[in-house]
Amino acid sequence: MKPYRRKFALIAERPDVTLRVITPTRWYESFQDIVFEREPDTSCEEFPCPIRFSGYGSRFYYRRGVKPHFRDFQPDIIHLEEEAWSLNALQTVHLKRKYCPNSRFIFRTSLSIPIKQRFGVLPVWIEHRVFRETDRAFPLSVNAGKILTSRGYTGQQTPFPNGVDVRHFYKMEVSELRNALRLKDCFVIGYVGRLLRMKGIDTLLEALACLVSQDTAAYAYKLLIVGQGEDKSHFQEIAQMLGISEQVVWIDAVPPEEVPAYINCMDTLVLPSRTTAKWVEFFGRVLIEGMACEVPVIGSDSGEIPHVIDDAGLVFPEADADALAERIRQIAHDASLRNTLVARGLTRIENFTWETIAERTYQVYQELLGNVR
């Protein structure tokens, strides 16, 4: 997806780097079939290849086309943006051992909770094999690194967060879109993401009902929900039961490059995720995208959300609709608070821009190759 490929394009701009990106020809994610499109001005050498099991991060692997990039290109560093127990990881280390055994190897992990593998001993075997080949791991967070250690990885780690492409995510004029969505003359609460119960959208709907019932005379609230998911009809039923269907605008998932315009239609962006036995919010990329668009953000205290927000937004106890309603009300009625959060958000995202992450990634590459003085 174009907004998320900026890191490697920036690294490839360096005169001492030749960088090849191997990527699926197409990928199914967030209920969309995403077809790879080349970036005309990138310094990366981009090679889309066909895969099996599109949409399944742990199961997909390349059907053909990847062998020459190991055998002929002979990379100094292989950087895998996949989990260590995945079939793609196994395929990668197999090709590395066979064709370029001296290459340095990095993998990335988004672990958020300790998990038991669903498919027996095979993923554990793959993971340990990948661990033995690894020169550096890139966990998404410090907590992810701790979980990685508990799973038996003893090598070096460098935590790297998700990034935001500030060429796409920034404050922009969207009055026409806002009017088309019938969001004129109201305070717009927003959500972008999958429509699944663990995302806490029922909490957001209950908070909206609370606001509508208590602030009707003083304020008009609407909720803009952008995304798709298997629980959409369930949430629509909740909205109807709460009597707020007229206050909710539902937009199916849009292409990644269109997301910034919808975020700019929002007066506050909420990520109300709720922890389950098998899942916790491992980052919440939409929060930094909201900050980049100068939209105040609110998040639950699930997983990494409070660490991502820090002091650049408001946090509420997960599943607490009354607390969420109060946070929304604070932002809606306090212009000074809004301005403060926007300013803090712009400062905060300096840690998450692809420019910052690309520079740090390049420094790790230099370390692995022994080029740091």
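## A bridge between β13 and β14

Leucine 271 has glycine 299, in β14, as its bridge partner. The model is predicted. The strands involved, β13 and β14 (residues 297-300), run parallel and pair over three bridges.

β13 also pairs with β10. That pairing is parallel too, with two bridges joining β10 to β13. Here isoleucine 189 is matched with threonine 268 in β13.

## Both faces of β13

In a regular strand, side chains alternate between the two faces of the sheet. β13 is covered on both faces. Thr268 and Val270 are buried on one side. Leu269 and Leu271 are buried on the other.

## The whole sheet

These pairings belong to an open sheet of six strands. The order is β12-β11-β10-β13-β14-β15, and the pairing is parallel. Which strands stand at the edges? They are β12 (248-251) and β15 (313-316). Each has a single partner strand, so one side of each has no neighbour in the sheet. From one strand to the next, the twist averages 20°.

At the β12 end, strand β11 (residues 221-226) pairs with β12 in the parallel sense, over four bridges. Leucine 224 sits opposite valine 249 in β12. Strands of a sheet pair through backbone hydrogen bonds, either parallel or antiparallel.

## Helix α7 on the sheet

Helix α7 (residues 201-215) lies across several strands of the sheet. They are β10 (187-192), β11, β12, β13 (268-271) and β15. The helix runs at about 165° to β11.

## Helix α7 against α12

α7 also meets helix α12 (residues 321-333). Two packed helices are described by the angle between their axes and the distance between the axes. For α7 and α12, the axes come within 8 Å and cross at roughly 60°. The two helices are therefore oblique to each other. Their crossing is right-handed.

From α7, the contact uses Thr203, Leu204, Glu206, Ala207, Cys210, Leu211, Gln214 and Asp215. From α12, it uses Ala321, Asp322, Leu324, Ala325, Ile328, Arg329 and His333. By class, the residues of this contact are eight nonpolar, three polar and four charged.

## Helix α3 against α4

A second helix pair is α3 (residues 87-99) with α4 (residues 122-133). Their axes come within 10 Å and cross at roughly 40°. α3 and α4 are therefore oblique to each other. α3 passes α4 in a left-handed crossing.

Which residues of α3 meet α4? They are Leu87, Ala89, Leu90, Val93, Lys96 and Arg97. On the α4 side are Trp125, Ile126, Arg129, Val130 and Glu133. The residues of this contact divide into seven nonpolar, no polar and four charged.

## Serine 141

Serine 141 lies in the loop between β9 (136-139) and α5 (142-150). Is serine 141 buried or exposed? Its relative accessibility is 9%. The cut-off for buried is under 20%, so serine 141 counts as buried.

Leaving out residues up to four places away in sequence, serine 141 touches Pro159 and Glu304.

How values were computed. Residues numbered from 1 in each chain as written. Predicted model: local features only at pLDDT ≥ 70, side-chain atom pairs only at ≥ 80, totals over all residues. Heavy atoms only, no water. Axes fitted to C-alpha atoms, helices over the stretch in contact; angles between N-to-C directions. Parallel < 35°, antiparallel > 145°, perpendicular 65-115°, else oblique. Left-handed = near helix turned anticlockwise from the far one by under 90°. Contact = heavy atoms within 4.5 Å. Nonpolar A, V, L, I, M, F, W, Y, C, P; charged D, E, K, R; others polar. Pairing = 2+ DSSP bridges. Buried < 20%, exposed > 50% of the residue type's maximum accessible area, 1.4 Å probe, protein only.
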